[in-house]
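Reader: I'd like a close look at one part of this protein, the surroundings of the ligand. Could you walk me through that part, and then through whatever links up with it?

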Amino acid sequence: MKVSVIGGSGYIGLVTGIGLATHGNDVICVDIDQKKINDLNRDILPIYEDGLSALLAKAKRKNRITFTTSFKSAVNQSDIVFIAVGTPSGRSGETDMSHVYKALSSVASAMNKPKTIVIKSTVPVGSNQVAYQIVRENLTQPHLDFDIVSNPEFLREGRAVKDFMEPERIVIGSKSSSAIKRLKRLYKTFDAPYVITDPTSAEMIKYACNAYLATRLSFINEISEICEQVDANVLNVIEGMKHDSRIGGHYLNPGPGFGGPCLNKDIQSLIHFGSCADANVNLLRAVLSRNNVQIENILKFINELLKKSKVSRVQKVAVLGLSFKAGTNDTRNSPALLLLDLLKNLDVQIAVYDPVVQSLPPDIHSNIHSNLKFAKTPYDAVENASACIVMTEWDEFKELDLQSVFNLMRYPAIVDTRNVLSSEHAMALGFEYKGVGINGLKPIEEQEILKHIV
Ligand code: UDX
C-alpha cells in the first residue's frame, strides 16, 4: 500500500516507516527537518536502534522507502497518512499538541483524494475527534472523504525494531469499518492479534499501559526501600514474587527511577486530562512522586559515603552509564543526568563513562558541572574515585573486573543503582557495596581504608 509518515525522521516515525517498507509497502517519510532528511538520504540514521540501519538499507535497495521534506507530494501519493510527530509535555503536564495539529491541517490542505489518517503519536483521550474537526476545517477540497484512526505504538527504545516487527497486539481505534479494513490490510503480514475498538479507548490503552508499567516500577522501588530498612534483599523478594503467575517477573527490576521520553510524560498527561475530567488520580501522582524519591535516596547515600571516606581533598565520583537505560544512546529524562545535576551541589570532581553516549546535550552540560570529564573506559573513570555509581545496566558494567576497580579506587565503594554487580563478590573483595533494595554494606576495616587513602 502507499503510505506516508509525517514526522518520519523521528523515533516512532522512522521505525514505523522502515517497518512498513520492510513489509512491502511503498513508504514516504516526511519531515520538516531538512538536515535529518538529507542524512537519511545518505543512509545516516538520526537514532541508534538495533537492526534499523540494515532494514533501511534493504528497503532502499527494493525502492520501498524515500525521505523528503515535500509534504504535499508525499500526501498526494499516499492512501494512508501516518501522523507520528512529537507530543512533548506542556508546562502543567498537559500534552503539547501543536505539532499534531499543524501536521493535521497541513495534511488536510494537501489532500487531493480520500485518505485514511492514522494517529501514531501518543495523544490525550479525545484527540481523535479534535483531529477530525481540524482536518474537516482545513480541507482545500471540502467534499473529500477521510477517516481518522487511532493506532498507538508500544515501541521500547533499544528493541523498537523487534517490537514493531513482532507486535504483541495491534490496536486499531476507529468508528469507520472501511478504515478498519484498510488498516487490517496494511498489517496483514504481521502475526499479532488485533484489538479493534473505538478511538477513545484506543487512545486510553496507550496511557493505561505506560501508567501500569510505571506503577509497577514505583511499587518495586518502594518495596526496595522497605527491604533496605528491614534488611531484606529485594532480589530474593522478587524471586519469590515472580513465580506467582498473577505477578510475573517482567518490569520488576528496581533502579534509580524510570526515565526516558515516555513514561513520565505520559503519566503527567494522564494525570492532567484525568483530573480535568474530574477523575481521582491520586495513585498516578504517587507513582510520579515515588519515582522522584529514588534519585534523592541515591544522592543521600553518596553523601554518606563521601563523608565516610574521610578524604580531605576534593573527591572524585565516577558515574558509569548516562543513557536512561541500556541499549540506547537516549539521555532524555535519564536518571544519570538527574544525578549529575544533584552532584553539582557537592564539591566533587565527576568522571563519567558510557559505552555509547560520548557527550552531554550542551544545555545540560553547561548547567551541570565544570568539573565533569568524560573517561575513555570505566577503569579510567574509577581511578582515584571515592565512589563508583553504576547508573545504567550496560553489559559492559556487568562484566567489570572488580579487582581492578578495587585497586584503582581511592575509596572502594560502589553504589549499584541497577543491581547488576554481584554484591557478594564485591564485598568479598573488600568493597563497600550498596544496591537498590540490597544493603550489602560491609564495614571496611580501618586498615583497608588507609590503604586506599593516599
Ligand atoms: C516505554 C514503554 O515500555 C513503551 O511501550 C512505550 O511505547 C514507550 O515507553 P521506553 O521508554 O523505551 O518504553 O523504555 P522502557 O523499557 O519501558 O523503560 C522505561 C524506564 O523504566 C527506563 O528508565 C528503565 O531503565 C526503567 N525500568 C524498566 C526499570 O527501572 N526497571 C525495569 O524492570 C524496567
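Author: Here's a walk from the ligand outwards, through a helix start, a pair of strands and a couple of loop residues.

One thing up front: this is a predicted model. Let's begin with the ligand itself. It has 19 residues around it, and the closest are E157, Y251, N253, G259 and R418. Sort that shell by class and you get 10 nonpolar, 3 polar and 6 charged residues. Which helix gives the most to the shell around the ligand? That's α9, residues 199-230, with 4 residues.

Now for the polar atoms. Y251 is one of the closest residues, and a polar atom of its side chain sits 2.2 Å from an oxygen atom of the ligand. With L252 the backbone is what counts: one of its polar backbone atoms is 3.3 Å from a ligand oxygen. F324 also uses its backbone, with a polar atom there 3.2 Å from an oxygen of the ligand. As for how covered the ligand is, on its own it would expose 660 Å², and the protein buries 92% of that.

A good next stop is P335, in helix α13 (residues 335-343). Is P335 buried or exposed? Its relative accessible area is 3%, under the 20% cut-off, so P335 counts as buried. Leaving out residues up to four places away in sequence, P335 touches P256, G257, G259, I295, F324 and M391. Two of those names have come up already: G259 is among the residues closest to the ligand, and F324 has the backbone atom 3.2 Å from a ligand oxygen. P335 can also be placed against T417: the two are 82 residues apart in sequence, with their C-alpha atoms 10.0 Å apart in space.

Helix α9 leads to another buried spot. S127 belongs to helix α6, residues 127-138, and it counts as buried because its relative accessibility is 6%. Setting aside neighbours within four places in sequence, S127 is in contact with M97 and E203. The second of those falls within the 199-230 stretch of α9.

Next, the strands. β9 (residues 315-320) and β10 run parallel and are joined by 6 bridges. Going through individual pairs, Q315 has V348 of β10 as its bridge partner, while K316 is matched with Q349 in β10. How many of the residues of β9 are buried? The count is 6 of 6, and the strand is mostly covered. Its side chains point two ways: Q315, V317 and V319 go one way, K316, A318 and L320 go the other, and all are buried. So a lysine, K316, is among the buried residues of this strand. In β10 (residues 348-353), 5 of the 6 residues are buried, so this strand is largely enclosed by the rest of the structure.

Finally, back to α9 and what comes after it. D231 sits in the loop between α9 and α10 (234-242). Its phi is near 65 degrees, a positive value in a residue other than glycine. D231 has a relative accessible area of 62%, so it's exposed. N384 has a phi near 65 degrees too, again positive in a residue that isn't glycine. Its place is the loop between α15 (378-382) and β12 (387-390). At 35% relative accessibility, N384 counts as partly exposed.

Notes: Residues are numbered from 1 along each chain as its sequence is written. This is a predicted model: local features need pLDDT of at least 70, side-chain atom pairs count only at pLDDT 80 or more; totals for chains, interfaces and linings use all residues. Side-chain values use heavy atoms; hydrogens and water are left out. A residue is near a molecule or strand if one of its heavy atoms lies within 4 Å of it. A polar contact is a pair of N or O atoms within 3.5 Å; within protein, one must be able to donate a hydrogen and the other to accept it, and residues adjacent in sequence count only if both atoms are side-chain atoms. Accessible areas come from the Shrake-Rupley method with a 1.4 Å probe; for residues, only the protein chains shown count as cover. Helices (H or I, at least four residues) and strands (E, at least two) are DSSP runs, numbered from the N terminus. Ala, Val, Leu, Ile, Met, Phe, Trp, Tyr, Cys and Pro count as nonpolar, Asp, Glu, Lys and Arg as charged, and the others, Gly among them, as polar. Buried means under 20% relative accessible area, exposed over 50%, partly exposed in between (1.4 Å probe, protein chains only). Contact means heavy atoms within 4.5 Å. Two strands pair if DSSP finds at least two bridges between them.
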